[in-house]
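Welcome, and thanks for taking a look. Below is a short tour of some helix packing, ring pairs and one loop residue.

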Amino acid sequence: MSPSISITQTRDSSAIAELGAPRRPLSGKGSFYRPELDMLRFFAFLGVFFFHFYHPAEFYTEHGVPRLVATVADSVMYAGVFGVDLFFVLSAYLITELLLREKEQCGALDVRGFYLRRMLRIWPLYFFYIALALIPAFNPNHVFTWRYAVAFLFLAGNWSIVAYGWPLHSIIGALWTVSIEEQFYLSWPPLVRKLSRKGIALAAIAMLIISAATRIAMVAVHGGINSVWCNTLARLDPIAAGILVAVTLRGKIPNIRLSARLALMCCGILPLVFVANHWQINAPDRLEWIPTLLGFPAVAVSCTLILFAVLGIAGRQARSLLYLGKISYGLYVYHELANFLSGKLIPVHAGFIQLALRPILAMAFTIALASISYAVLEKPFLKLKTRFAHISSRPV
C-alpha cells in the first residue's frame, strides 16, 4: 500500500506524523484543479494592469474618440483597481478549499507542509523583485528606501505604506497586496486545523466585523486613505468572502446555467464600476463615511458574484488563457516594471498614438518577463513544492 493511500485511510498518530514528510501529490480524489480559476486570475491581473493606464474620458474625446466609448472605457478601466479584491477572494477560496480537503481526506492538516509550499511558490519571485526594485536603474529617485525594503522583506510592505505613504514612481507598489496575502497564509492554517466548518464560517464572519470596525475607526480619526486601503485589518472582506464560499460549497462545484452566469457577471461588474467611479474608495483624498463603510463590502460581494459566475465553466480549451493564468503571479508582479520600461521608450508627453501603443508595449514586456521568470526562476521551486503537497492544485 502506498503512503498516500495509508494516510488517507488511517487516522492514528503515526499516520498523522507522516504528514510533515515530503511526498508526491495525491491523484484523483486528492486533486482540486479548476482551470477556470486560472483564467479568472488572468482577468483579475488585467483589471489592475489597465487601471494603471487610466486616463480621464476627456483625454480620449479630445483626440476624436466618441464620448460614449470614452466614458465606458474610462469607467471600466478605473474599476480595474478592484482586481486586487478579486485576487483576495480567489486566494481565500482556493486556499481554504485545499486546506479543508487535506484535513478531511488525510485526517489532519500539515501546517508545516503548507508553509513550505507557500514559501516555495511566493518567496523566490517576491524577494527577487524586491532586489530589482532596489537597483538604482529601477529606483532613479531613490523613493524605495531601506525603511520600505525592510518592511517588504518581513512581509509587511502594506504596513510601511500605511506608515510612510506610497513610494511614488517605484516599481514595488503592487507587492503590497502580496504582503496581505502572506499574512493571511501565515495565520489561517492553524485556525483551520483547530476549527470545525461551522467554526471556520464564524471566523470569517468575525473577519467581516473586524474589517468594518477598523474602517469605522480609521474614518473617525481621519487616518487617511492608506490607513484603510493598505490596512490588512480593513481589507478582510474579500478574504472572508472567499472563505465563506469554500465552506458553503463543501467541495462541490455549482451547476449554473449560462443565463444565470451572465446575470451574476453583470451583477458583479456593475457595482465595481459604480463604486470605483462614484464612491472612489481608493482615491487619495477621499475617506468618507458612506463610501468607505459600504463600498468595501460591496466590492467583496461583487467579486464573489464574479467567482460564482466563472466557477464550474469548461475552460480547458482556452490554452493560451490557461497559460497566462498560470503565470498570473509573475504578470502581476512584473507589470509595474514593464510599465516603467515602456515609459522609457514612450514618455508621458508623447503623442496620442504613441500613448495608445504604450499599454500594448507594456503588456508585451509583462508577458515576456513573467514567462522567463516562470521558466527560469519559479518552475524549479514549483517542482520542489509538489513534494510537500497532499492535495494537488495543478492538473494531474
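Which residues are buried in helix H16 (residues 319-326)?

## The two sides of helix H16

This is a predicted model, so please read every value below as computed from it. In helix H16, the buried residues are Leu 322, Leu 324 and Gly 325. They sit on the same side of H16 because they cover an arc of only 165 degrees around the axis.

On the face turned away from that buried side, you will find the exposed residues Arg 319 and Ser 320. As for partners, the buried residues of H16 pack against three helices: H3 (35-51), H17 (328-345) and H18 (352-385).

## Aromatic pairs

Let us turn to the rings. The structure contains 24 aromatic pairs. One of them joins Phe 184 and Trp 188, a stacked pair with 5.9 Å centre to centre and 25 degrees between the planes. Because these two residues are four apart in helix H10, about one helical turn separates Phe 184 from Trp 188. Residues three or four places apart in an α-helix point the same way, because the helix has 3.6 residues a turn. Phe 184 is buried at a relative accessible area of 8%, and Trp 188 is buried at 1%.

A second example pairs Trp 229 with Phe 296: this pair is tilted, with 6.0 Å centre to centre and 55 degrees between the planes. Trp 229 belongs to helix H12 (residues 226-229) and Phe 296 to helix H15 (residues 289-310), so the pair ties together parts that are 67 residues apart in sequence. Both Trp 229 and Phe 296 are buried. Elsewhere, ring pairs link Phe 42, Phe 43, Phe 45, Phe 49, Phe 50 and Phe 53 into a cluster.

## Charges over rings

Trp 229 has another partner to look at: Arg 235 lies over its face, at 4.3 Å from the ring centre. Similarly, Arg 118 places its charged end over the ring of Tyr 185, 5.2 Å from the centre of that ring.

## A serine in a loop

Where is Ser 170 placed? You will find Ser 170 in the loop between helix H9 (157-164) and helix H10 (175-194). Is this residue buried or exposed? Ser 170 counts as buried because its relative accessibility is 9%, and the cut-off for buried is under 20%.

A polar atom of the Ser 170 side chain lies 3.2 Å from the backbone nitrogen of Ile 172. Setting aside neighbours within four places in sequence, Ser 170 is in contact with Val 143 and Phe 144.

Terms used
Residues are numbered from 1 along each chain as its sequence is written. This is a predicted model: local features need pLDDT of at least 70, side-chain atom pairs count only at pLDDT 80 or more; totals for chains, interfaces and linings use all residues. Side-chain values use heavy atoms; hydrogens and water are left out. Buried means under 20% relative accessible area, exposed over 50%, partly exposed in between (1.4 Å probe, protein chains only). A polar contact is a pair of N or O atoms within 3.5 Å; within protein, one must be able to donate a hydrogen and the other to accept it, and residues adjacent in sequence count only if both atoms are side-chain atoms. Contact means heavy atoms within 4.5 Å. The arc is that of the directions from the helix axis to the C-beta atoms. Rings of Phe, Tyr and Trp (its six-membered ring) pair if their centres lie within 6.5 Å; planes under 30 degrees apart count as stacked, over 60 as edge-to-face and the rest as tilted. A charge sits over a ring if NZ of Lys or CZ of Arg is within 6 Å of the ring centre and within 35 degrees of the ring normal.
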